[in-house]
Amino acid sequence: MKLYYLPGSCSLVPHTALHWVGAEHEAFETPRDYLKTPEYLAKNPAGTVPTLEDGDFTIAQNIGILTYLDTKYPEAELFGNRDNIEQRALAYRWLAYANSDIHKQFPPLFRTPAFIDGDEELHNRVKDAAKAGIISSLKIADNHLKDREYLIDQICIADIYLTVILRWCKLLKIRFTDLPNLQSYYERVSAFEPFKEALAHEGIK
């Protein structure tokens, strides 16, 4: 298998999954200019990461990749106990929460939206609104984690995605200190060995 990734991005989630399932793989740090080449766009027309190749099969998007790995390596239980359909459904629910509800709020913080057109004051207002929206969304997870260690009854891949997002918050100085359950949760998931292995491979401390 070959995973195309950018260090610290959401591709860290399937990178962790590959270590978790014990799959032999190559993790390729993808130059940003390569993402828009015809060669890469033939693999992933969106020109984004992650993309996973497994022989002649290519799959993009986190949910697609993670579902593929979960099916191929069922013993790893990326989405929880395979005999507990309710827990697995909840794992997908929390993965969607991280992938769709929260992740989509970060782009204005990573790059200047085209509609702003050099208006720094407007960009600052957009960034402040994005940060407030992220904190508001994170309160849902913080409340859920009040009396539990993980998002479901055991650690699952949705925990990894949410922890990657919490890393972004720390890097961008989005303080979630008023969400105490998330702070201890972040430290707990960060100690998970496959996550540490993926971080080390990407040169992230």
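This is a short walk through one long helix, one helix pair and one loop residue of a predicted model. Residues are numbered from 1 along each chain as its sequence is written, and side-chain values use heavy atoms, leaving out hydrogens and water. Local features need pLDDT of at least 70, and side-chain atom pairs count only at pLDDT 80 or more, while totals for chains, interfaces and linings use all residues.

Let's start with helix 6, residues 120-144; helices (H or I, at least four residues) and strands (E, at least two) are DSSP runs numbered from the N terminus. Its 25 residues reach 37 Å from first C-alpha to last, close to the 36 Å expected at 1.5 Å a residue, where the expected span is 1.5 Å times one less than the number of residues. Among its buried residues are His-123, Val-126, Ala-130 and Asp-142. The buried residues of helix 6 pack against helices 4, 5, 7 and 8.

Now turn to helix 1 (residues 12-21) and helix 3 (residues 62-72), which pack at about 10° with axes 10 Å apart. The two are therefore roughly parallel (angles under 35 degrees). Helix 1 brings Val-13, Pro-14, Ala-17 and Leu-18 to the contact (heavy atoms within 4.5 Å), and helix 3 brings Asn-62, Ile-65, Leu-66 and Leu-69. Seven of these residues are nonpolar, one is polar and none is charged.

Finally, find Thr-30 in the loop between strand 2 (26-29) and helix 2 (38-41). Thr-30 counts as buried because its relative accessibility is 3%, and buried means under 20% relative accessible area with a 1.4 Å probe, protein chains only. Leaving aside residues up to four places away in sequence, Thr-30 touches Tyr-4, Tyr-5, Leu-6, Leu-35 and Val-49.

Key. Buried means under 20% relative accessible area, exposed over 50%, partly exposed in between (1.4 Å probe, protein chains only). Axes are lines fitted to C-alpha atoms, for helices over the stretch in contact, and angles run from 0 to 180 degrees between N-to-C directions. Angles under 35 degrees count as roughly parallel, over 145 as roughly antiparallel, 65 to 115 as roughly perpendicular and the rest as oblique. Ala, Val, Leu, Ile, Met, Phe, Trp, Tyr, Cys and Pro count as nonpolar, Asp, Glu, Lys and Arg as charged, and the others, Gly among them, as polar.
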